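Got your viewer open? Let's take a walk through this chain, one selection at a time.

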Amino acid sequence: MSSTTPQIRLFNTLSKSKEDFVPLDANNVRMYVCGPTVYDYAHIGNARPAIVFDVLFRLLRHVYGKEHVTYVRNITDVDDKINARAARDFPQMPLNKAIQQLTGTTQAQYQADMKALGCLAPSIEPRATDHIAEMVDMIEVLIEKKHAYTADGHVLFDVKSFRDGDEVLYGKLARRTLKDMIAGARVEVAPYKRDPMDFVLWKPSANDGPGWQSPWGTGRPGWHIECSAMSKKYLGETFDIHGGGIDLSFPHHENELAQSCCANDTEQMAQIWMHNGFLQIEGNKMSKSEGNFFTVDELLHTKKFGGRKWPGAVLRLAMLMKNYREPIDFSLTRLEEAEKTLQRWKRAMLALGLDFTEANRAEYEKLGPCSKMLAALASDMNMSGVLAELHRHAGGKKRHNAGRLFGSLGLLGVVDFDAMMVWQEQQTDALETKGVDVAHVEASIALRLMALHEKNWAEADRIRDELASKGIQLMDYKDPETGEKRTRWEIRQ
Ligand SMILES: [Zn+2]
């Protein structure tokens, strides 16, 4: 970590406070985020954790070095919903084949959608069904240590066994007592459970359902054990950050924590537990029956929302225009505002002297974020602070501002060099279709620069006014390397 790098601080759900982030091993910073259950298209609510933790991943890579961060996001490819959907969609196939077909295509779709939203691929994306042996091992350890028991073909986790002396630790993440949890949760009542909160580690398979051999008969793992087994395999018994949506904090994360700490005899599973807030659509809970349910694919490729398609960068920025722990209202107004903002920033970068042509790629791709933006991002991803800095640079006067804006947007994953190059070319094309003669504008600018050089102010003003009458605005700046006077131009909006 360089001396100019700010201390990262993150809100820990476990302690309900912001904490200094100190990795267990700065050479291998480790983060686990619960991934999708692959039976259907990802909806825009599913995109929020993917984007939020992608920004954190990028920040960690920036601070600790790309090769020193491991980000694991799992793929849940065994689930009752998957079985039901596979049987419905592929009725002619044997169920196991149908499940493979469904989960394979859904996983590929998910990865394509997240890429379109600017998310980097995690370091590892383990599939649950490739890790059944690790789950069986962990369940055996839990039984051996008397944290789990078999009953009626199931293996159940004994929540009361997760304790410190007289104190039951189950509920430490949710900060609720067993009594409160039972009252508040929709608990699956089953006669074979010792406690209503005990949850399934392994269950028998239906005759035609997917199943694996185990010491407890043919069956399949419960959902929670997947994350405990896979995070242990790739990140170790204790790692740095565990993330996910707030909807997963209970019971899923509570259960992961209990299983992992009990199986591994550790005090903690992850140092910091992070949760992003809920997402609503136009002020309402998103639901298929309300007709306000939108998949990422629909937003990107169809005109279902607001009568038009939305670019991935706009969807991403709209998501980032709210601090991650707060609930977000995903509305047309928000998307339009994000789009306008992004346009303004892109125009500012060109107007302040950046030129996205191949010759400049190497130089621009080295541009980093400004230190104030980085400090805001490091402060529990304070996006209000980040946005304020971006607006400040966009409103700046110097090429330096444009460089910082580009470097900052690059760190956030909102734009990159290729995106800017394409956009710049489109701007030129658009001007031509608007009837602006680019060659004439460029020639006039060259003549005006010559006039300025010769101190012929009258001629310089005449050219500026002539262009202004056509709606073209000039902005002078100094080339940072040569100190020469240069001019950028744009169409006045
Ligand atoms: Zn999980």
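Before we count anything: helices (H or I, at least four residues) and strands (E, at least two) are DSSP runs, numbered from the N terminus. By that reckoning, the chain has 17 helices and 17 strands. Keep in mind that you're looking at a predicted model.

**Stop 1: the whole chain**

Show the C-alpha trace and zoom out. Along its principal axes, the trace spans about 95 × 55 × 35 Å. How much of the chain is buried? Of the 493 residues, 41% are. Here's another number to keep in your head as you rotate: take the contacts between residues at least 6 apart in sequence, and 69% of them join residues at least 24 apart.

**Stop 2: a hairpin**

Select residues 9–12, which is strand E1, and residues 17–20, which is strand E2. These two run antiparallel and are joined by four bridges. Pick out Asn12 and you'll find its bridge partner, Ser17, in E2. Now look at the turn: this hairpin has four residues between the strands, and Lys16 takes a positive phi near 55 degrees.

**Stop 3: a four-stranded sheet**

A quick reminder before we go on: strands of a sheet pair through backbone hydrogen bonds, either parallel or antiparallel. Which kind of pairing does the sheet E4-E3-E11-E12 have? It's parallel, and the sheet is an open one of four strands in that order. Select 69–73 for E4 and 270–276 for E12, and you have the edge strands, each pairing on one side only. Neighbouring strands here are turned by 20 degrees against each other on average, ignoring direction.

Next, colour E3 (residues 29–33) and E11 (residues 239–245), which run parallel and are joined by three bridges. Look for Tyr32, which stands opposite His242 in E11. Then add residues 223–235: that's helix H6, which packs on the sheet and touches E3, E4 and E11. The direction of H6 makes about 160 degrees with that of E4.

**Stop 4: H6 meets H7**

Keep H6 on screen and bring in H7. Two packed helices are described by the angle between their axes and the distance between the axes. For H6 and H7, the axes come within 8 Å and cross at roughly 50 degrees. That angle makes H6 oblique to H7, and the crossing is right-handed. Show the side chains at the contact: His224, Ile225, Cys227, Ser228 and Lys232 come from H6, while H7 brings His252, Asn255, Glu256, Gln259, Ser260, Ala263 and Asn264. Sorted by class, that contact has three nonpolar, seven polar and two charged residues.

**Stop 5: H7 meets H4**

Now swap H6 for H4: select residues 132–144 for H4, and 249–264 for H7. Their axes come within 9 Å and cross at roughly 70 degrees, so H4 and H7 are roughly perpendicular to each other. Which residues make the contact? H4 supplies Met138, Val141 and Leu142, and H7 supplies Gln259, Cys262 and Ala263. By class, this contact has five nonpolar residues, one polar and no charged.

**Stop 6: a three-stranded sheet**

One last selection: the open sheet with the order E14-E13-E15, whose three strands show mixed pairing. At its edges are E14 (284–285) and E15 (328–330), each pairing on one side only. Highlight E13, residues 279–281: three bridges join this strand to E15, and the two run parallel. To finish, click on Leu279, which stands opposite Ile328 in E15.

Key:
Residues are numbered from 1 along each chain as its sequence is written. This is a predicted model: local features need pLDDT of at least 70, side-chain atom pairs count only at pLDDT 80 or more; totals for chains, interfaces and linings use all residues. Two strands pair if DSSP finds at least two bridges between them. Axes are lines fitted to C-alpha atoms, for helices over the stretch in contact, and angles run from 0 to 180 degrees between N-to-C directions. Angles under 35 degrees count as roughly parallel, over 145 as roughly antiparallel, 65 to 115 as roughly perpendicular and the rest as oblique. Two residues are in contact if their C-beta atoms, placed from the backbone, lie within 7 Å. Ala, Val, Leu, Ile, Met, Phe, Trp, Tyr, Cys and Pro count as nonpolar, Asp, Glu, Lys and Arg as charged, and the others, Gly among them, as polar. A residue is buried if 20 or more other C-beta atoms lie within 10 Å of its own, exposed if 12 or fewer, and partly exposed in between; C-beta atoms are placed from the backbone. A crossing is left-handed if the near helix is turned anticlockwise from the far one by less than a right angle, and right-handed if clockwise.
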